[in-house]
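Thanks for making time this morning. I would like to walk you through one protein, starting with how far the coordinates can be trusted and then turning to some of its parts.

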Amino acid sequence: MPADPLNFRRMGNWAGEYRQTRTHRAGTPALYEGQQGVQRLAPLAQRLATDFTTDPRFDNPRAVQVRLPGFTQDSLVGLGITIRDLYADGSHDSGRVRKVVDDAYIADLAAAVGGALGGRVGVAPRLFLKKLVGDVLDRVDQFDDFDPRQHYALTVKAAEMSEVERNAAAGGPDEVELDLP
C-alpha cells in the first residue's frame with residue numbers, strides 16, 4: 001500500500017504550529033523519490049527536496065532530510081553494545097548478561113555475521129541484531145549455564161535472510177539470484 005502524501009503534508013503543517021517540535025519520518029527511497037510516494041504531491045516534494053551531492057562531512061543536521069551513513073564494523077559493534085546494555089538493564093541478572101556477552105564477544109559476533117554476508121557489514125544490522133537478541137542474549141538471560149562461546153555456533157540460513165542479504169552472502173556476481181520474466 002503506497003504512503004499517502006497528504007498525511008505527510010498534514011503532519012508537516014501541524015508541526016509548523018509548534019516551533020520547538022521536530023517530527024521524524026523514515027522511508028525508503030521509493031517513498032521519497034518514486035512516483036507512488038511524495039512525488040505525487042509537488043508542493044510536498046519541493047519541501048522535502050534535499051541536495052545530497054555535496055561532501056557528507058558538511059551535511060546540515062537540520063535539513064528536511066538527513067543522509068544516514070551505512071554501518072561499519074565499529075558502528076555495528078557499538079550498536080550491539082548499546083542493545084546488550086539495554087537488554088541487560090531489563091534482565092533479572094544484568095551483571096551476568098554484561099559479563100558473558102562482553103564487548104569482545106559482540107565484536108566477534110558482528111565479524112562473524114558480516115563474514116557470513118560476504119564481508120558486507122552495511123547489510124548486516126538486521127541479521128546481527130536478530131542473532132544477538134534471539135540466539136544469544138535471550139539464552140544467557142534464561143539459562144544460567146549458557147555460555148555462547150561454548151554452546152552457540154552462528155548459523156545463517158537463506159530462509160532467514162532478506163534478498164539483499166542473500167545476494168551479499170552469494171559472493172560473486174555469478175551466484176546472485178535474478179528474478180527474470
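Before anything else, a word on confidence: pLDDT is the predictor's confidence in each residue, on a scale from 0 to 100. What you have in front of you is a predicted model, and in this protein that confidence is lowest in helix α1, residues 5–16, with a mean of 58, whereas it is highest in helix α5, residues 94–100, at 95. Across the protein the average is 79, with 76% of the residues scoring at least 70. Where pLDDT is low, the predicted coordinates should not be read in detail.

Now to the overall picture. The secondary structure consists of nine helices and zero strands, and of the 181 residues in the protein, 29% are buried. If we take the contacts between residues at least 6 apart in sequence, 57% of them join residues at least 24 apart. The accessible surface comes to about 12100 Å², and carbon and sulfur atoms account for 54% of that.

Let me turn to helix α4, which covers residues 73–89; its 17 residues reach 24 Å from the first C-alpha to the last, close to the 24 Å expected at 1.5 Å a residue. Which residues of α4 are buried? They are Leu76, Val77, Gly80, Ile81, Arg84, Tyr87 and Ala88. Seen down the axis of α4, these buried residues fall within an arc of 140 degrees, so they line one face of the helix. As a general reminder, an α-helix has 3.6 residues a turn, so residues three or four places apart point the same way. On the other side of α4, Asp74, Leu86 and Asp89 are exposed, while the cover over the buried residues includes α5, α6 and α7.

That brings us to α7, whose 18 residues reach 24 Å from first C-alpha to last, close to the 26 Å expected at 1.5 Å a residue. This helix bends by about 30 degrees at Val133, and its buried residues include Leu127, Phe128, Leu132 and Val136, along with Lys131 and Asp135.

Finally, a residue outside the helices: Thr50 sits in the loop between α3 and α4. Is Thr50 buried or partly exposed? Its relative accessibility is 26%, and because buried means under 20% and exposed over 50%, Thr50 counts as partly exposed. Leaving aside residues up to four places away in sequence, Thr50 touches Ala63, Val64 and Gln65.

Note on methods
Residues are numbered from 1 along each chain as its sequence is written. This is a predicted model: local features need pLDDT of at least 70, side-chain atom pairs count only at pLDDT 80 or more; totals for chains, interfaces and linings use all residues. Side-chain values use heavy atoms; hydrogens and water are left out. Helices (H or I, at least four residues) and strands (E, at least two) are DSSP runs, numbered from the N terminus. The expected span of a helix is 1.5 Å times one less than its number of residues. Buried means under 20% relative accessible area, exposed over 50%, partly exposed in between (1.4 Å probe, protein chains only). The arc is that of the directions from the helix axis to the C-beta atoms. Contact means heavy atoms within 4.5 Å. Accessible areas come from the Shrake-Rupley method with a 1.4 Å probe; for residues, only the protein chains shown count as cover. The bend at a residue is the angle between axes fitted to the seven residues ending there and the seven starting there.
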